[in-house]
Amino acid sequence: MTTTALSCGNVDIETRPTRAGLRWFELPAQPSRTDVDPILAESEGRVVVHGTDADLAAVVLRLLRKGLLDELAVGYVPVEKSPAGELWSVPAGRFDQALDGTARPTPLIRDDSGGVLLGLGTIDPITGQIYCDDRRVLHGPARSVEVFPDPGASALPEPTDDPLATQPAPVTDGLVTRVTHRGLLRRRRETAGGRAVQASFEQATVYRDGVAHPRPLTRCAWYRHTRDLLLVRP
């Protein structure tokens with residue numbers, strides 16, 4: 001089986017391995033559907049992304065849009081230390097893990113702007129209200145709010161076409177919200193886990209995997225997708 005590997009942006013191609021059955025493609029940073037879709041159409045088994053968290057998110061978004069989450073596992077090789085790399089224990093430069101490691105069900109976080117979150121979403125500073133499921137975690141100002149996938153979340157049950165099958169229990173995990181409050185002497189942090197986060201706030205810039213939303217927002221939401229991502233990780 002051939003493994004597809006994508007070098008995104010200005011990466012050091014001299015460090016990437018070569019082996020039988022491994023095809024490398026050079027793509028721009030944060031590749032678009034016209035860059036990625038033709039390659040995915042000919043891929044099988046596994047796709048490896050060598051780049052940044054934003055590059056990884058761009059490729060995973062195309063897997064989601066093309067309905068390939070169940071068919072293609074994703075390996076990730078960060079070009080440098082990153083939130084997604086730390087979250088999923090994927091060190092920079094570890095091609096061997098991305099190529100040969102085991103793919104595990106991993107919560108895929110979406111947002112109401114049509115994107116996905118693989119590492120870290122942030123709003124800082126912020127003044128507003130935030131709910132993680134039914135729990136209010138912010139009412140007023142804060143130094144920052146961070147949202148990220150929960151590495152300890154349970155895998156979603158396998159889908160079934162049997163209409164008489166027992167309905168699975170409602171999903172109650174998938175992401176974590178961390179609010180850092182201002183303090184006179186030290187910062188105070190509050191953390192909550194759940195399936196979804198909704199935020200309304202005074203106009204601010206929202207960052208997703210290191211990339212700023214193209215315009216200031218006053219509300220946003222993140223939530224767990226109904227299917228998991230098959231991510232290569234320990």
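In this predicted model, I130 has A199 of β14 as its bridge partner. That pair is a good place to step into the fold, since the two strands around it lead on to much of the rest. Strand β14 covers residues 196-204, runs antiparallel to β9 and is joined to β9 by five bridges.

Stay with β9 for a moment and look towards its other partner. Residues 126-132 make up β9, and they pair in the antiparallel sense with β10, residues 135-142, over seven bridges. Within this pairing, G128 finds its bridge partner in G140 of β10. The two strands form a hairpin with two residues between them, and there D133 takes a positive phi near 55°. D133 is a residue other than glycine, and its place is in the loop between β9 and β10. With a relative accessibility of 34%, D133 counts as partly exposed, because that class lies between the cut-offs of 20% and 50%.

Now step back to take in the whole sheet. Its six strands follow the order β7-β6-β17-β14-β9-β10, the sheet is open, and the pairing is antiparallel. At the edges stand β7 (116-117) and β10; each has a single partner strand, so one side of each is left without a neighbour in the sheet.

Just ahead of β9 there is a feature of the backbone worth pausing on. The peptide bond from D124 to P125 is cis, with omega near -10°, and P125 sits in the loop between β8 and β9. Following the chain back across that loop brings you to β8, and with it to another sheet.

This sheet is also open and has six strands, in the order β13-β12-β11-β8-β15-β16, with antiparallel pairing. Its edge strands are β13 (188-194) and β16 (211-212), each of which pairs on one side only. Inside the sheet, β8 (residues 121-123) and β11 (residues 144-149) are antiparallel partners over three bridges. If you look along β8, you will find I123 opposite V145 in β11.

Let us turn to an earlier part of the chain, around helix α1. Q30 lies in the loop between β2 (22-27) and α1. Which sign does phi of Q30 have? The value is positive, near 45°, in a residue other than glycine. Most residues other than glycine have a negative phi, and most peptide bonds are trans. Q30 has a relative accessible area of 43% and is therefore partly exposed.

Beyond the helix comes A41, placed in the loop between α1 (33-40) and β3 (45-51). Is A41 buried or exposed? A41 counts as exposed, because its relative accessibility of 67% is over the 50% cut-off. Between A41 and R19, which are 22 residues apart along the chain, the C-alpha atoms are separated by 22 Å.

Finally, consider the chain as a whole. Its secondary structure comes to four helices and 18 strands. A compact globule of 234 residues would have a radius of gyration near 17 Å, and the 18 Å of this chain agrees with that. Along the principal axes, the C-alpha atoms fill a box of roughly 60 × 50 × 30 Å. Buried residues account for 49% of the 234. Of the contacts between residues at least 6 apart in sequence, 67% join residues at least 24 apart. On the outside, the accessible surface comes to about 12200 Å², with 47% belonging to carbon and sulfur atoms. As for charge, the mean positions of the 28 positive and 30 negative charges are 6 Å apart.

Definitions and conventions:
Residues numbered from 1 in each chain as written. Predicted model: local features only at pLDDT ≥ 70, side-chain atom pairs only at ≥ 80, totals over all residues. Heavy atoms only, no water. Rg over C-alpha atoms; globule rule 2.2 N^0.38 Å. Buried < 20%, exposed > 50% of the residue type's maximum accessible area, 1.4 Å probe, protein only. Contact = heavy atoms within 4.5 Å. Areas by Shrake-Rupley, 256 points an atom, 1.4 Å probe, with all protein chains shown as cover. Lys, Arg positive; Asp, Glu negative; His and termini not counted. Charge placed at Lys NZ, Arg CZ, Asp CG, Glu CD. Pairing = 2+ DSSP bridges.
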